[in-house]
Amino acid sequence: MRPLTGLRAALLAIALALGGCASLPTDIARNESHAATDTATTRLGRASATLTGAHAGSNAFRPLPDGVDALLARLALAKAAERTLDLQYYIWRDDLTGRHLAHALIDAADRGVRVRVLLDDVGTGADDDVLLALDTHPNIEIRLFNPVANRSFRMLGMASDFSRTNRRMHNKAFIADNQAAILGGRNIGDEYFDAGSDVAFGDLDVLTLGPVVPEVSASFDSFWNAAASLPIAALAGRAGDAAALASTRAALDAFVAAENESPYVQGLAAEVARVTDERDGQWFWGKARLLHDDPDKIQHAPGQAQGTLLTQFGNIGDEVRTDLFVVSPYFIPGDAGVAWFRKLTDRGVKVTILTNSLAASDVGAVHSGYKRYREALLEAGVRLYELKPTAIEAAKDKKKKLFGASRASLHAKTFLFDRHAVFIGSLNLDARSIELNTEIGLLCDSADMTRRMAEGLENNLDAVAWRLALAPDANGQKQLVWIEQTPDGALTRTEEPDVGLMRRIGVWFLGLLPIESQL
């Protein structure tokens, strides 16, 4: 690094001072609002009643493993909504898919639909001017969760208030008319919906209708009305203007018009019919439990159990009898987690874990925390698999592939219990999700859906992932190996596959740092 000149040093000192002096506004005009309850006669309300009427007390579920289908489902709910749309996300990018969804929200608001959007300030990192323009619409309100006070020097502002701003809202939820909801692992961005040219995230959401949806709305309301959720206008210290909204609307209209041949436009009408058609055989049925952190988790000391998602699992894990399948892209079990998995395998439960390999991971620091537990997990009898970066399945509909992503990366957060119940949500099995961030997910008690998902995972494991094992080296000592199934038989490697020496050294160095509690 070059030495600082006097001018550069002075500018840095000013920036640090600005980052440290800013504080959040306290005298805020913030109206409390809640989910609409009189939506049974809406199009989605009628569809929900018809779908679930023949399955008393049950919910309808549709898994959304395909990225294009997952965005289409959101666009279709926005198109079908007649009263309200509530959206809660950690990331919302200003890219192809983000613009499609923004256009759909403005279109819904123009029809009179009330739109509430709650975003994590740090995760989203959105331009305040864009948010203010959208917020100007009389039917759209945008709030930011646990925001950084200094809007001009945000990174410095975060650093100067790290203990507070380090706690984030990782929730992902999309709710239409308090009748239909989508939960899962996807943020809003091209890489989550098969539209990215670099990385394709293997992810999973679930669309649900039925009695659990008002619970999702109640969770949203608790975050929306929390003290940590600030209206963008109050945070920015100014309101947007009608001209900015008109300009944003015109730009989004032109963008969608230019995208007329894309699957997100071509498939929308059929998807609207699909999410409201009770005759379609796409649905699974079963009871559901919403599991979520309370918004005030960010004010509690890490490790405090009160109001946390993990405690709501109750004895689900301890009651597993035959098999547990864990899909977690960011997986750092810690010693306690290894001991818990060992307890399961000791009583005969088959435990299978799929996570990212170093070559597939988008966060090297997380891999540095995970890698130190691999041998202990294998010694505990866990079946451990790491995703290959080449695990990009060809789309069934070739028209859905907008770009050819160069590599795959796992992003789904899914736990399957005894092929009877499945959790789909935002929770990773790492310290950040468990202790620092807020999370949400749906526990679906649907044997048919869980069994199909488990069989799909099992049948493809050897094709998309390396299996890890412990094998003797030349001196008879145990060493970690990666086993790949090829047409010519098993291929065994003794180094992290498909990564160069410098990447391995970088992750090794990160593993020396005391940062596991932040990962």
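Which residues in α3 meet which residues in α13?

## Where α3 meets α13

On the α3 side, the list runs D69, L72, A73, L75, A76, L77, K79 and A80, and on the α13 side the partners are L268, E271, V272, R274 and V275. Keep in mind that this is a predicted model.

How do the two helices sit against each other? Their axes come within 8 Å and cross at roughly 75°. Angles of 65 to 115 degrees count as roughly perpendicular, so α3 is roughly perpendicular to α13. Sorted by class, the residues of this contact are nine nonpolar and four charged, with no polar ones.

## The cores

Let's turn to the nonpolar residues in the interior. The largest nonpolar core has 62 residues, and L77, L85, F174 and L207 touch the most other members. Helix α3, which spans residues 67-80, gives the largest share of this core, with ten residues. In general, nonpolar side chains tend to be buried together in soluble globular proteins.

L85 is a handy place to start looking around. Setting aside neighbours within four places in sequence, L85 is in contact with L77, A78, L105, A108, V113, R114, V115, R116, F174, I175 and A176. There's also a second, separate core, this one of 43 residues, and among its members are A173, V206, I424 and C444.

## Where α4 meets α11

Here's another helix pair to find on screen: α4 (residues 96-110) and α11 (residues 242-258). They pack at an angle of about 120°, and their axes are 10 Å apart. An angle of that sort falls outside the 65 to 115 degrees that count as roughly perpendicular, and is not over 145 either, so α4 is oblique to α11. The crossing of these two helices is left-handed.

As for who touches whom, α4 brings L96, R99, H100, A102, H103, I106 and D110 to the contact, while α11 brings T248, R249, L252, D253, F255 and V256. The residues of this contact are a mix of six nonpolar, three polar and four charged.

## A look at P214

Last stop: P214, which you'll find in helix α9, residues 213-224. Is P214 buried, exposed or partly exposed? Its relative accessibility is 40%. Buried would need under 20% and exposed over 50%, so P214 counts as partly exposed.

To get a feel for distances in the model, try picking P214 and E484. These two are 270 residues apart along the chain, and their C-alpha atoms are separated by 45 Å.

Terms used. Residues numbered from 1 in each chain as written. Predicted model: local features only at pLDDT ≥ 70, side-chain atom pairs only at ≥ 80, totals over all residues. Heavy atoms only, no water. Helix = DSSP H or I, 4+ residues; strand = E, 2+ residues; numbered from the N terminus. Buried < 20%, exposed > 50% of the residue type's maximum accessible area, 1.4 Å probe, protein only. Core = buried A, V, L, I, M, F, W, Y, C linked by side-chain atoms within 4.5 Å. Contact = heavy atoms within 4.5 Å. Axes fitted to C-alpha atoms, helices over the stretch in contact; angles between N-to-C directions. Parallel < 35°, antiparallel > 145°, perpendicular 65-115°, else oblique. Left-handed = near helix turned anticlockwise from the far one by under 90°. Nonpolar A, V, L, I, M, F, W, Y, C, P; charged D, E, K, R; others polar.
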